[in-house]
Amino acid sequence: MIFRTHMAADISGLVGESVSLAGWVARRRDHGGITFIDIRDASGIAQVVADGLATEDLRMEFCIRVMGTVRARPEGTINADLPTGTVEVAADSIEVLSPSDPLPFMLDDRVDADERTRLEYRYLDLRRPRMAANLRARSKAVSAIRRSLEGLGFLEIETPTLVRSTPEGARDVLVPSRLRPGSFYALPQSPQLFKQLLMIAGVERYFQIARCYRDEDFRADRQLEFTQLDLEGAYWGENEVQTTIEAAIAAVVQDLRGESPPLPFPRLTWQESMDRYGADKPDLRFGMEIVDLSSELTGTEFRGFAATLESNGVVRGINTGAREFPRSLADKLTEEAKALGAAGLVWMVIEPDSQLRSPVAKFLAAHEQKAIVEALAGQPGDVLLLVAGPWRTAVTVLGQLRLSLGRPEGHRDLAFVWVTDFPMFEETGDGNLTFSHHPFTSPQDVEVMRNRPLEAKARAYDVVVNGVELGSGSIRIHHPDLQRQVFDILGISAEEQESRFGWFLRALRYGTPPHGGFAFGIDRLVMVLQEEANIRQVIPFPKTQTGHDPMTMSPSPVDEGQLAELGIALVEE
RNA sequence: GGGGGUGUGGUGAAGCUUGGCCGUUCACGCCGGCCUGUCAAGCCGGAGGUCGCGGGUUCGAAUCCCGUCAUCCCCGCCA
């Protein structure tokens with residue numbers, strides 16, 4: 001039996017032909033003698049006219065099959081908002097293939113039901129045109145990636161999803177082993193070591209659309225499991241990696257947006273990015289850059305600034321442009337700055353007569369006020385915000401305020417950027433060092449790393465779009481001795497190095513080619529390109545912020561017997 | 001671990017600031033009826049809610065307070 005001869009979206013040119021369509025009742029407009037039914041299938045919507053046919057038992061989202069004849073719509077009834085709006089199907093018969101219960105929510109892009117309910121009935125949510133479009137976009141993105149990389153000679157290779165746990169980095173998702181009770185696999189946080197092993201294995205050009213798992217708290221752009229384009233190449237430097245990633249991203253943007261972004265992407269060093277935007281994932285769609293005011297304020301009488309500058313701190317500011325600046329906004333921004341760790345926030349409004357209105361104006365000399373306004377290119381009406389403090393605090397607080405005040409809604413414009421030259425290490429709270437990328441990243445200068453590790457730069461780079469970190473990569477360490485030195489600096493003892501990474505250090509000893517690579521989040525890229533505010537809109541079956549799936553009710557307790565087989569006993573809370 | 005927002009018939013919203021006229025209102029859906037050119041069709045009628053849950057304040061709580069659960073956003077965390 002042939003269910004249908006055509007898709008709903010394809011009937012425009014078929015006037016006079018007999019067709020059979022199958023899909024859902026998206027709308028029914030019953031005029032008594034005549035009824036209009038919008039039938040929706042995966043391709044789109046077509047109007048069916050039932051003249052003299054019984055339609056009382058057709059309800060929302062009933063699955064139906066319509067046989068009839070395509071005809072041009074009468075004069076004056078063309079619907080310009082519908083791609084098939086010039087034609088309609090005059091139905092000879094309408095058959096209910098499958099009725100539907102009353103819906104838990106309207107399948108309408110104009111209203112969003114509560115997200116928990118949408119997840120509980122995700123199969124209905126995904127029928128909504130916007131969600132269906134996101135599924136298609138995702139498929140096209142993956143297809144574009146494969147096409148571009150296969151053209152460049154890459155091999156798509158799968159790596160295990162049951163791997164050895166590594167305590168570094170994110171929390172692992174653990175899987176107990178039945179055959180070795182008391183031992184656990186981890187789900188991969190990324191295929192990092194396996195792709196390096198593939199370089200040692202002679203693959204030279206590897207990629208994978210890889211599912212990754214990180215058991216950390218959720219955010220709008222973070223889920224427990226997510227999908228990355230993971231790739232790696234041998235005999236590669238930064239430029240080769242970045243060019244390849246740019247090609248893959250450009251192919252995706254081309255297929256989803258219909259135009260390619262300008263290549264190459266601009267590049268910022270991590271230092272520049274922090275100094276100018278207060279973030280390592282800068283949103284370059286707007287200016288409002290952070291400006292250093294320390295030299296303008298050298299020798300100032302104002303204690304608040306002078307004390308900071310004497311203790312090696314900085315004073316920096318942003319010009320937020322001309323805006324209304326009621327007391328309530330000043331208070332709100334001050335609160336925000338304090339919550340982010342600033343001692344306070346200094347605001348200044350440039351009055352029409354160019355005088356500064358500010359709580360601290362009376363403490364600042366005239367030449368200092370003038371210098372501040374000039375440094376921030378202030379015009380009458382502009383609101384300036386200043387933060388004094390340690391460099392890192394000052395720039396990150398201003399970076400956050402910059403986003404609060406200037407960030408565009410949505411993601412219509414795209415501003416890709418490479419952020420390069422990340423620090424090799426960061427200090428942890430307890431004074432130890434940790435890696436800022438991952439422990440297999442090559443330093444730019446081995447001598448600097450040994451002697452002044454906190455000043456050492458890594459051969460690591462991120463790609464960012466509109467303030468969203470898409471992914472990161474690096475040139476890897478390919479000498480076992482250097483790898484050991486990095487482990488030493490990270491405070492991993494020789495015994496630990498051997499027990500946890502001995503197998504990998506051994507592999508490095510067999511003629512490892514220099515190599516490097518990258519991984520970026522496909523969910524995030526599609527999210528931005530589809531102008532979605534969170535990653536769940538582009539993941540077919542995501543979880544809530546507490547890792548719960550309201551449809552299948554996972555996670556769930558398991559049988560005593562299952563636990564016993566695994567040698568697991570639960571502890572009462 | 002912390003901060004903030006939300007929770008009101010199946011769905012979306014208003015009501016909460018300032019307690020009583022409130023299980024009151026609007027739209028969609030659902031049920032019944034009318035209607036031959038609509039496209040979120042229209043008109044008439046109807047059903048449907050322990051106002052997330054628990055406790056407290058009060059003569060009286062959807063509304064105020066405390067706790068708790070769910071969900072969303074953010075900080076921490078996320079190589």
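Modeller: Contact here just means heavy atoms within 4.5 Å. You're looking at a predicted model, where local features need pLDDT of at least 70, side-chain atom pairs count only at pLDDT 80 or more, and totals for chains, interfaces and linings use all residues. Residues are numbered from 1 along each chain as its sequence is written, chains are lettered from A and ligands numbered from 1 in the order in which they are written, and side-chain values use heavy atoms, with hydrogens and water left out.

Colleague: Okay, how many helices and strands does chain A come to?

Modeller: Helices (H or I, at least four residues) and strands (E, at least two) are DSSP runs, numbered from the N terminus. The C-alpha atoms of chain A fill a box of roughly 90 × 75 × 55 Å along the principal axes. Inside that, the secondary structure comes to 15 helices and 22 strands.

Colleague: And what share of the 573 residues in chain A is buried?

Modeller: Buried is under 20% relative accessible area, exposed is over 50%, and partly exposed is in between (1.4 Å probe, protein chains only). Among contacts between residues at least 6 apart in sequence, 67% join residues at least 24 apart. As for the buried share of the 573 residues, that's 48%.

Colleague: Let's go to Asn-134. Which side chain does the side chain of Asn-134 make a polar contact with?

Modeller: Asn-134 lies in helix α3 (residues 129-151) and counts as buried at 2% relative accessibility. Not counting residues up to four places away in sequence, Asn-134 touches Val-526, Gln-530, Glu-532, Gln-537 and Val-538. A polar contact is a pair of N or O atoms within 3.5 Å; within protein, one must be able to donate a hydrogen and the other to accept it, and residues adjacent in sequence count only if both atoms are side-chain atoms. At 2.8 Å, the partner side chain is that of Gln-530.

Colleague: Which side chain plays that part for Thr-227?

Modeller: Thr-227 sits in strand β10 (residues 225-234) and is buried, with a relative accessible area of 8%. Its contacts beyond four places in sequence include Ile-209, Ala-210, Phe-520 and Asp-523. The polar contact, at 3.2 Å, is with the side chain of Arg-138.

Colleague: Why is strand β2 largely enclosed by the rest of the structure?

Modeller: Strand β2 (residues 34-41) has neighbours to pair with, and two strands pair if DSSP finds at least two bridges between them. Strand β1 (residues 18-30) runs antiparallel to β2 over 6 bridges, and β2 also pairs antiparallel with strand β3 (residues 44-51) over 8 bridges. As for enclosure, it comes down to a count of buried residues in β2, namely 7 of the 8.

Colleague: Which residue in the turn between β1 and β2 has a positive phi?

Modeller: On the other side, β2 and β3 form a hairpin with 2 residues between them, and Ile-39 has Ala-46 as its bridge partner in β3. β1 and β2 also form a hairpin, with 3 residues in between. In that turn, a phi of about 95° belongs to Gly-32.

Colleague: What are the edge strands of the open sheet of 5 strands?

Modeller: The order is β12-β13-β16-β14-β15, with antiparallel pairing. An edge strand pairs on one side only, and here those are β12 (291-292) and β15 (356-357).

Colleague: Now the rings. How far apart in sequence are the parts that Phe-325 and Trp-347 tie together?

Modeller: Rings of Phe, Tyr and Trp (its six-membered ring) pair if their centres lie within 6.5 Å; planes under 30 degrees apart count as stacked, over 60 as edge-to-face and the rest as tilted. By this rule there are 17 aromatic pairs, and Phe-325 with Trp-347 is a tilted one, 5.3 Å centre to centre with 55° between the planes. Phe-325 lies in the loop between β13 (314-322) and α8 (327-339) and Trp-347 in strand β14 (residues 346-350), so the parts tied together are apart in sequence by 22 residues.

Colleague: And at what angle are the ring planes of Phe-440 and Phe-487?

Modeller: Phe-440 counts as buried at 6% relative accessibility, and Phe-487 is buried too, at 0%. Their centres are 6.3 Å apart and the pair is edge-to-face, because the planes stand at 90°.
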